[in-house]
Amino acid sequence: MGIPQHYSYKLPLRCSDLLQTLYPLAEADRTQASRHGGALTTTLLLALASPMIVLPTERILRALSGAADHNDESGIDRILTERVRAEFRKQLDKTNFCERIDWAFVGGWPIFNLADRLPGELAETLATADANDAARKMNMPQFASCLRNALSHGGILYLDERGHSSDGQARMLAFVSGKRGKERPLCPDGLQECNYTAPHIASLNVLRVSQDGFREFLVRWATWLENSGAAKGLSETVLAAE
């Protein structure tokens with residue numbers, strides 16, 4: 001395998017190719033399905049989703065916000081960077097890779113332990129039209145941050161076809177990320193806020209999507225990254241000139 005010169009779009013593209021090759025195999029494997037209570041398609045999605053989401057978020061988006069330092073890829077492909085910048089000024093439902101995918105979002109939910117599964121009240125709230133509308137109106141940096149944080153910090157829940165935690169087959173996914181408060185913890189002397197410690201998690205943001213919808217999103221996302229870069233534009237120019 002060749003060493004990628006631009007991790008932010010090469011790794012998502014490679015993962016997308018793997019996803020499209022391996023997903024039907026995992027879906028058809030009856031031996032694994034009987035062992036694990038169902039096909040390992042959800043696990044495959046999440047395994048490949050991490051590099052597909054985390055790498056572009058860390059290496060391009062954080063650079064655009066001025067937060068990146070040692071992993072800034074924004075200068076490698078200026079065309080791709082500018083298209084990412086433009087796309088991430090949109091609402092979720094106006095992007096090229098989330099259109100017509102049924103996301104649901106609830107922000108500022110009281111903290112709960114993911115080990116205790118998704119609270120029933122939250123599951124019902126995520127199933128409302130208001131939660132769908134909130135997702136459609138999310139700004140893209142918030143959407144990317146929610147996915148990135150959940151994938152990086154283990155904030156993932158498998159849900160059944162009703163959007164509940166149960167012992168059934170996984171049909172949906174919930175991505176849970178912490179929302180920090182504004183007040184920093186006090187220093188050891190208890191007299192002033194500590195500038196070296198981030199504020200505590202005050203509430204949770206929860207983004208829900210069907211497994212099929214998430215799979216569609218990942219493929220679209222990788223394709224969009226590939227089609228947005230300078231290399232793609234150059235190859236199309238060469239072909240048009242021939």
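**Helix packing, salt bridges and a buried strand residue**

The crossing of helix 3 and helix 8 is left-handed. In this predicted model, helix 3 covers residues 41–64 and helix 8 covers residues 211–228. Two packed helices are described by the angle between their axes and the distance between the axes. For helix 3 and helix 8, the axes come within 11 Å and cross at roughly 35°. On the helix 3 side, the residues that take part are Thr41, Thr42, Leu45, Leu46, Ala49, Met52, Ile53 and Pro56. They meet Gln211, Phe214, Arg215, Phe217, Leu218, Trp221, Ala222 and Leu225 of helix 8. Sorted by character, the residues of this contact comprise 12 nonpolar, three polar and one charged.

It helps to place this pair of helices in the overall fold. The protein contains nine helices and four strands, and along the sequence these elements follow the order α-α-α-α-β-α-α-α-β-β-β-α-α. Of the 242 residues in the protein, 43% are buried. Among contacts with a separation of 6 or more, 67% are between residues 24 or more positions apart.

Strand 1, which spans residues 104–109, offers a closer view of the interior, and Ala104 is part of this strand. The relative accessible area of Ala104 is 0%, so this residue counts as buried. Setting aside neighbours within four places in sequence, the contacts of Ala104 are Leu126, Ala131, Asn132, Ala135, Val206, Leu207 and Arg208. A further pair to look at is Ala104 and Ala174: these residues are 70 residues apart along the chain, and their C-alpha atoms are separated by 9.2 Å.

Charged side chains were examined next. A search of the whole structure finds 11 salt bridges, and three of them are described here, beginning with the pair Lys90 and Glu87. The closest N and O atoms of Lys90 and Glu87 are 3.0 Å apart. The two partners of this bridge can be set side by side: Lys90 has a relative accessible area of 29% and is therefore partly exposed, whereas Glu87, at 5%, is buried.

Asp133 and Lys137 also meet through their side chains in a salt bridge, with an N to O distance of 3.1 Å. Asp133 has 26% relative accessibility and so counts as partly exposed, while Lys137 is exposed, with a relative accessible area of 52%. Salt bridges that share partners join Asp133, Lys137 and Arg136 into one network. Another salt bridge links Arg162 with Asp160, and here the closest N and O atoms are 3.6 Å apart. Asp160 has a relative accessible area of 4%, and is therefore buried.

Cysteines complete the survey. The count of disulfides in the model comes to zero, where a disulfide requires a pair of cysteine sulfur atoms within 2.5 Å. Two cysteines can be located with respect to the surface: Cys15 is buried, with a relative accessible area of 7%, and Cys146 is buried as well, with a value of 3%.

Key: Residues are numbered from 1 along each chain as its sequence is written. This is a predicted model: local features need pLDDT of at least 70, side-chain atom pairs count only at pLDDT 80 or more; totals for chains, interfaces and linings use all residues. Side-chain values use heavy atoms; hydrogens and water are left out. Axes are lines fitted to C-alpha atoms, for helices over the stretch in contact, and angles run from 0 to 180 degrees between N-to-C directions. Helices (H or I, at least four residues) and strands (E, at least two) are DSSP runs, numbered from the N terminus. A crossing is left-handed if the near helix is turned anticlockwise from the far one by less than a right angle, and right-handed if clockwise. Contact means heavy atoms within 4.5 Å. Ala, Val, Leu, Ile, Met, Phe, Trp, Tyr, Cys and Pro count as nonpolar, Asp, Glu, Lys and Arg as charged, and the others, Gly among them, as polar. A salt bridge is a side-chain nitrogen of Lys or Arg within 4 Å of a carboxyl oxygen of Asp or Glu. Buried means under 20% relative accessible area, exposed over 50%, partly exposed in between (1.4 Å probe, protein chains only).
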